[in-house]
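Visitor: I am new to this one. Could you walk me through it and show how each label is earned?

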Amino acid sequence: MSKDRTEISDIGEFGLIDLLNQKISIKNPSTLKGIGDDAAVIDAGEHVKVLTTDLLLEGVHFDLSYAPLQHVGFKAVAVNVSDIAAMNAIPKQITVSIALSNRFSVEAVEALYSGINAAATHYGIDVVGGDTTASRSGLLISITAIGEAKKEDIAYRSGAKLNDIICVTGDLGGALVGLQILEREKQVYLANPDMKPELEKYNYVTARQLKPDARMDIIHEFRDLGVVPTSMIDVSDGLASELFHIAKASSAGITIYEDKLPIDKQTYETAVELGLDPITCALNGGEDYELLFTIDQKDFAKLEKHPDIHFIGYISKPEEGKVMVTKSGTVVNLKAQGWKHF
Ligand code: ADP
Ligand code: MG
């Protein structure tokens, strides 16, 4: 038997990207950053442009039995805007490509676009093009976003320095818990279509899953307060996984504190109801689309009173590892479980 077949699951999504990246070389001096951050960075004279793309597939990234098309459209834009925000840049234009099976009507595509247009208005961006094609299996949406910033404002994953403060916006784990609830209610419905799903009690967590909002508000506040994060990434795969990206890119160690992790009350209670550990959800749940960043200690006073920014730890020496101090004071190694696609 031939042995030269490697399963993608053996190396994982990030291992695969690393492998592909080894064969790619940058030729143009205007390419300031290629693969390896939330968005590429391109020299455009006075400013730099940032460029990112994301692909959403029906049945993998969304389930139309509980995700309304408007929300899918909004989310497809928001996840791209979140990557632009993670570079500390302002989104300006998107292209939208869709593939549709004959299950979809004109009205369905209009519903999808009402969400896309609502997001474009919300984030102040223009839809400037795209592509439309047929699909054999459901709906596929691919959005590419372009943003703008001053070169000195760009926040890479690689800029975290010793003793910088690690910050995260909003709260964590909600989108994962919301997904579990939506899946549970779907199974209940499939088993008994007369049962009406009771989702009101879970309104916050389900909204976190179905209609995430990229944190452009925080980027505008950075501008107002004169703060440039030393490093930044958005939380799409889970806090622990994103901390590992910052640690690797910055050659840094990480120390975070369990009691500082922001978890919403409904997320906490619903996790417990589902038999999940809320801390594990906060560390490894995906799709929160919050911002994880580091700041120099001199900037702490500017952000200290912000109601939606949480200070969860600090950057340590690489040899100190990536650890969490638990509520009881025990030091445990962080694991980057993340969101498993393969
Ligand atoms: P994010 O979660 O921020 O969208 P990803 O983990 O998807 O980032 O991707 C990490 C980096 O790898 C990014 O720079 C992205 O552009 C790049 N990348 C992902 N898939 C591919 C691919 N198939 N070919 C080239 N670059 C890729
Ligand atoms: Mg990202």
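Guide: What follows is a short tour of a predicted model.

Visitor: What makes Asp38, Asp83 and Asp234 donors of the magnesium ion (ligand 2)?

Guide: Distance does. A donor is an N, O or S atom within 2.8 Å of the metal, for a metal such as magnesium. The OD atoms of Asp38, Asp83 and Asp234 lie 2.0 to 2.1 Å from the magnesium ion. So they count as its protein donors. Along the chain, the donors follow the spacing D-x44-D-x150-D.

Visitor: What does the pair of aspartate 38 and aspartate 83 tie together?

Guide: Aspartate 38 sits in the loop between strand 1 (31-33) and strand 2 (40-44), while aspartate 83 belongs to helix 2 (residues 69-85). The pair therefore joins parts that are 45 residues apart in sequence. Aspartate 38 and aspartate 83 are both buried.

Visitor: Why is serine 82 called buried?

Guide: Buried means under 20% relative accessible area. Serine 82 has 1%, so it counts as buried. Its place is in helix 2. Beyond its neighbours within four places in sequence, serine 82 is in contact with Ala214, Asp234, Tyr289 and Leu291. Asp234 is also one of the protein donors of the magnesium ion.

Visitor: And why is glutamate 221 called partly exposed?

Guide: Partly exposed covers the range between under 20% and over 50%. Glutamate 221 has a relative accessible area of 28%, so it falls in that range. Glutamate 221 is in helix 6 (residues 216-225). Between glutamate 221 and histidine 306 there are 9.9 Å in space, C-alpha to C-alpha, and they are 85 residues apart in sequence.

Visitor: Which residues have the most contacts inside the largest nonpolar core?

Guide: Val77, Tyr123, Ile141 and Phe293 do, in a core of 59 residues. Helix 2 gives the largest share of this core, nine residues. Another core lies apart from it, with 22 residues, including Ala160, Ile166, Ala247 and Leu334.

Visitor: What does isoleucine 141 touch?

Guide: Setting aside residues up to four places away in sequence, isoleucine 141 touches Asp54, Leu55, Leu56, Val72, Ala76, Val96, Ser97, Ile98 and Leu112.

Visitor: How do you know that helix 4 is roughly perpendicular to helix 5?

Guide: Helix 4 (residues 174-191) and helix 5 (residues 203-210) pack at about 100°, and their axes are 7 Å apart. Angles from 65 to 115 degrees count as roughly perpendicular. So helix 4 is roughly perpendicular to helix 5. By class, their contact has seven nonpolar, four polar and one charged residues.

Visitor: What covers the buried residues of helix 5?

Guide: The cover includes helix 2, helix 4 and helix 8 (265-273). The residues buried in helix 5 include Val205, Thr206, Arg208, Gln209 and Leu210.

Visitor: What is notable about phi of asparagine 88?

Guide: Most residues other than glycine have a negative phi. Phi of asparagine 88 is near 65°, a positive value in a residue other than glycine. Asparagine 88 is in the loop between helix 2 and strand 4 (90-100). At 0% relative accessibility, asparagine 88 counts as buried.

Visitor: Where is glutamate 287, and is it buried or exposed?

Guide: Glutamate 287 is in the loop between helix 9 (278-284) and strand 10 (291-295). Its relative accessibility is 11%, so glutamate 287 counts as buried. Phi of glutamate 287 is positive too, near 70°.

Definitions and conventions. Residues are numbered from 1 along each chain as its sequence is written. Chains are lettered from A and ligands numbered from 1 in the order in which they are written. This is a predicted model: local features need pLDDT of at least 70, side-chain atom pairs count only at pLDDT 80 or more; totals for chains, interfaces and linings use all residues. Side-chain values use heavy atoms; hydrogens and water are left out. Donors are N, O and S atoms within 2.8 Å of the metal (3.2 Å for Na, K and Ca); water is not among the atoms, so sites may look incomplete. Helices (H or I, at least four residues) and strands (E, at least two) are DSSP runs, numbered from the N terminus. Buried means under 20% relative accessible area, exposed over 50%, partly exposed in between (1.4 Å probe, protein chains only). A nonpolar core is a set of buried Ala, Val, Leu, Ile, Met, Phe, Trp, Tyr and Cys residues joined through side-chain atoms within 4.5 Å. Contact means heavy atoms within 4.5 Å. Axes are lines fitted to C-alpha atoms, for helices over the stretch in contact, and angles run from 0 to 180 degrees between N-to-C directions. Angles under 35 degrees count as roughly parallel, over 145 as roughly antiparallel, 65 to 115 as roughly perpendicular and the rest as oblique. Ala, Val, Leu, Ile, Met, Phe, Trp, Tyr, Cys and Pro count as nonpolar, Asp, Glu, Lys and Arg as charged, and the others, Gly among them, as polar.
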